[in-house]
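Got the model open on your screen? Here is a quick briefing to go with it.

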Amino acid sequence: MDHERPTEFEPLLQVRDLSVVYNSRKGAATILSDINLEVGKGETIGIVGESGSGKSILSKAVADLLPPGVVVSGGGIHHDGTSLLDLDRKARAAYRGERITLMYQDPFTMLNPLMRAGTHIVEGLRRSSPTRISKAEGKEEAIRRLAEVGITDKDVVDRYTFELSGGMRQRVALAAALARDPDLLIADEPSTALDVTTQAEILKLLSRAQQARGMSLVLITHDLRVAFSVCDRVYVLYAGSVLEVGKAPMLQAQPRHPYTHGLLLSEPTAKSRQAKLISIEGTVPRPDEVSDQCGFAPRCRWAADACRSERPILAEYEHEHLSRCIRITAIAEEMRTERASALAPAEPRRVPKTNDDIAMVSIVDVHKTFATGKGAAVKALRGVSLEVARGDTVGLVGESGSGKTTLGRCVVGLDTPTQGQILLAPKSGSEVPLKPTDGAARRVVQIVFQDPYSSLDPRQKVGSALMEPIMTLGLSRSDAYDRAEELIDAVGLPREYLKRHPASLSGGERQRIAIARALSLEPDLLVCDEPVSALDVSVQAQILKLFRELRERLNLSLLFITHDLAVVRQVTDTVHILHQGLIVESGEVGKVMDSPTHPYTKRLIASIPG
Amino acid sequence: MRNRNLGRYAVRRLLMLIPIAFLISVVVFLLTSLVPGGAVAALIEGRPTSQGTVEALKAKYHLDEPLITQYWIWLKGVLQGDFGRSFQSSQLVMDSIRSRIGLTIWLNAIGLSIALVIGVPLGTWAAMRRGSSQDRTIVGASIFASSTPSFVVALGFLWLFGQKLDWFPLYGVGDGSFRDQMWHLVLPGIVMAITPTALILKITRASMLDQIDQDHIAFARARGLRERRVIFVYGLRNALIPVLTAAGLIFVGLLTGTVFVEFVFGLPGLGALLVIAVKNSDIPVIQGLVLVVGVWISVANLLVDLSYAAVDPRVTFRKVSD
Amino acid sequence: MTVHTKDQPVSLARRVVRSRPPFSIMVAFSFVAAVLVISVVGQALAGSANIQDLASVANPASGDHWLGTDRLGRDVLARVFAGTRTAVIGPLIIASSGLVLSSIFGIAAGYIGGGLDSTIMRTVDFFIALPGLLVAIVAVSVLGGGYGMAIIVLSIFNVQGDIRIVRGAAIEQKGLPYIEALRSLGVKRLRIMWRHMLPNVSPVLVADFAIDFALSLVALAGLSFLGLGSQPGTPEWGGMLAVNQAILFSNPLASLAPGFAIILLAVSVNLIGDWLYDKYTAPDRVRN
């Protein structure tokens, strides 16, 4: 990957001191403040930020697609010399699609459900063409452009969007975006909604298209590693301001801002298990709350009084590497040491051995078939067998359609296998293994779901949610309350939260509550179905750390279901790779990830960015 | 391939019509057999009679036979096109229905057309200007319109155009010529259209708003497509599907309105006939009308479902999700 | 660690009291309140609704009779006031029965599913396919007419749509992970339905109640317009419209006044229902 800045010095896109606010009845809320950004001709730029950073709004401002109520309150946007904000609406509209195109993130909603794939491309061609394009010509050109994005099957042109898979739709969307040959493409999280392997393909596709056309590409993502793998330069956005910007390899090797540093470290790596999981405490503030200080100061370990007294400026630390941290020279060495120690590989965990021979969970030749109506059937699991020993943490890795979630649900008893058997080790004192659907299994195995925003009853107070399962067992109200206090302490949240509703808590906090609730019945095994995928990067690490702690303290066994190999590396001891309902590879996590044997595993590992 | 699926679907639905119509007729029959005092009382209606006359009447209308036989006799008649005779006028029910059905169909057609022609554009326009004073006025007016019973508006119009403005004829159907008949249907047609217009407007507006928020519209804009194309091809076409879904409701609402509007404006249609029959407990007429209405609604629903399947490709396809 | 506090969601009642409703809603509330008050003390305010004065039939509005007199010389204003009773009681009964029955059957059908669901839905779908008011007209007339009969028949028809809507909302909730979490935590089915499903579908119940009230107000008026409501002579808004159609040009207010009363009450209730629904479903999820 060529990271050299192209010799064309005149940037194609220049954003100068851009500020954007949201006007509501309560007043103006800042979304972006004083953004400076440049994209050269043929350059690939990454804009990295978590939710609340304003990265999407930035892309929409450039493309002139701001939602109602959101307006530019200062600064300018220049494209190829022309000031966009000075143009009237019609003139600005002429830029869209023709010179600047924005591609959204969700391939499932981006395309018109009532239109055929080919039409999406042809309508773009027609818009740009001064002459009439016949139906045949249009179809031919559409086929050619679909081939450009890797779709060689000629029938796809006539298919409706709902007939295509997520990866295909993303490709069609890309072809549609490129139909008018813009010189700047902004791709907003182009791969987030997709599987890991598809993600890698789409990113490769974007690079290829960009290079072939000499186009400039702006990639918006929350994933630093994705940005590093594809982009020449990277901007790090936080709470509406740029905190750091520089060449990708520089940023990756030596981040010059505590936030970038924290972000890099809290994104778990798939290369080795980190001895310590670093996470950034706290949550992302609103830009207005930190407008008079360094935006990151409230969460920064190295914050000094100077950081909190006024807003720092973006200063050039070294050639073409800017940072908004005023203390960077003082703390650079500390950051480097922390990075080195954090990335130091950890000792493989010594699993506490138990005397009994009974496995915590024994899954034998499990099949699960779903009837989808009208005779068709989907085989989610096609003969899966595995065991989880007591105290072990087992990872179940697969992409969508692999059957991993189905298996997890069968272990907890929410679904039943069509064939095969699942047995759980009973609580001590009994010799008879349990089935997941037995009543007593409730106290042996529990589940934590993926989406913290819908796994808690929005109308139930946190305290009540924690007490309810306990009281179902027959305990008195006051005993249940004591237990609820214990639980909320165990997950690191203040007791005051017991009186609150989930809506007032952040995603990470809600997930902690969900974990506390799952632990209320004192299970021996916790099934975790993608427990961190719906959370921000900086919060993910917090939750993973929590899992590690709880595991040691409560001697839990964990069945960790995820698509994220990096997560698996950090948390699990044994891993099983699931592909289309079958386990294709199993083993100790370090061995499987460093030297995979099955081609699918190899493909998975190769798709990890960075 | 799609057309073959559509055809099969249509045939399946048509076949389902038969048991539904059958069921309706049974229910109505049972219901009318519950008339207090029995059908005999309705027949006689307080007119002085002798025992002999009562016996004769019972025999003539088969009222002395068990219920099932009565039903069977009636059903046989229906299948031959004979709905029996009105208790009140002794006229053949079939004749009454036949002479009146044309007017009712025209009235409904006029009401529906006005509702579509006004509701869809206004709803779209309001959605495009969401939050503006125009939008709020339109929404307010439509809430008013949907809460207003047709007979109140009918009376109000009667007064307005009877007392103050001499724009439209008020009662009846005029001199019998087609043109004059249509002219007499304008005012009633407008009254009929008020509630459906409000409903269509509300649904169009809501679903357009829904569409506007959708990513595919934003992406279409991002690609620089012309605004007109974005609104119509991306917005409206998708937005009209919920309107179609509500079409069934609209048809039923129109029928209900027919009853009141025909009654108030003195129009000789099926609705007015129902009111008369109900006031006189004229059972054969009631039975016949309800059967007609039942078939009418089933056919209307079928047409709606077919057009729904034709417009939305997702409906006819059977997709096995991966 | 700075904990970022967000606003605590509050109960509907507090949210209603705390926020200032827009002007139109305030007007709607006042009107409904006025109607309720009048239904209790109407007689005292406007005098008797039944005094006939055949000498002054169909007089237009005057000092003695603010809305004029009707076909039998009765004071129109007094009759409109007296009519508030039937205008409120009937719809209230119908909407309430709809609320109670749809909560029970709708949630049961949606959550338990299976055979119970098909049985319930088959009945519901059957009734919904029928042209409600038309069949109600036939049914009420055939069963003898009267206010009570009208209420019973309309209740039966009304509850079907409510059940379908509540069932839909219940199915939507059922698909959410928190319901599954409760199941796997061993919480009993009945408790899930009562303590979790019901509160979460309550916005729908509230909106439905208002819509049902307005619709049944209009339906009842329609039935009494056709002579199928209360006994002739009882002050009922729908009936008044029919009776006074003959004197439309002498004293239009005799029929138009009750007509306006119907419209205003229906509109007010609809507005309030819409507004409450919006308030109740205010964003519960606060994403960053």
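The points below cover two chain-to-chain contacts, a sheet and a helix pair.

Keep in mind that this is a predicted model. Chain B touches both chain C and chain A, and the class make-up of each contact is worth a look. Chain A also holds an open four-stranded sheet, while chain B has a pair of packed helices, α10 and α11.

**Where chain C meets chain B**
- Chain C puts 31 residues into this contact, and chain B puts in 31 residues as well.
- On the chain C side, at least two residues apiece come from α5 (132-142), α8 (189-225) and α10 (253-280).
- The largest share there belongs to α10(C), which supplies nine residues.
- Sorted by class, the side of chain C that touches chain B has 23 nonpolar residues, eight polar ones and no charged ones.

**Where chain B meets chain A**
- Here 22 residues of chain B are in contact with 30 residues of chain A.
- On the chain B side, two or more residues each come from α9 (215-222), α10 and α13 (313-316).
- The element that gives the most to this side is α9(B), with six residues.
- By class, the side of chain B that touches chain A splits into seven nonpolar, five polar and 10 charged residues.

**The sheet in chain A**
- Four strands line up in the order β2-β1-β4-β5, and the pairing is antiparallel.
- The edges are taken by β2 (27-39) and β5 (82-83); each has a single partner strand, so one side of each has no neighbour in the sheet.
- Strand β1 (residues 13-24) of chain A pairs with β2(A) over nine bridges, in the antiparallel sense.
- If you want a spot to find that pairing, look for A:V15, which stands opposite A:L37 in β2(A).
- Helix α1 (residues 55-62) of chain A packs on the sheet and touches β1, β2 and β4 (70-79) of that chain. The direction of α1 makes about 110° with that of β1(A).

**The helix pair in chain B**
- Helix α10 (residues 227-265) and helix α11 (residues 270-279) of chain B pack with their axes 7 Å apart, at an angle of about 85°.
- Angles of 65 to 115 degrees count as roughly perpendicular, and α10(B) and α11(B) are therefore roughly perpendicular to each other.
- From α10(B), the residues involved are B:T258, B:V259, B:V261, B:E262 and B:F263. They meet B:G271, B:A272, B:L274 and B:V275 in α11(B).
- The contact between α10(B) and α11(B) has six nonpolar, two polar and one charged residues.

Definitions and conventions: Residues are numbered from 1 along each chain as its sequence is written. Chains are lettered from A and ligands numbered from 1 in the order in which they are written. This is a predicted model: local features need pLDDT of at least 70, side-chain atom pairs count only at pLDDT 80 or more; totals for chains, interfaces and linings use all residues. Axes are lines fitted to C-alpha atoms, for helices over the stretch in contact, and angles run from 0 to 180 degrees between N-to-C directions. Angles under 35 degrees count as roughly parallel, over 145 as roughly antiparallel, 65 to 115 as roughly perpendicular and the rest as oblique. Two residues are in contact if their C-beta atoms, placed from the backbone, lie within 7 Å. Ala, Val, Leu, Ile, Met, Phe, Trp, Tyr, Cys and Pro count as nonpolar, Asp, Glu, Lys and Arg as charged, and the others, Gly among them, as polar. Two strands pair if DSSP finds at least two bridges between them.
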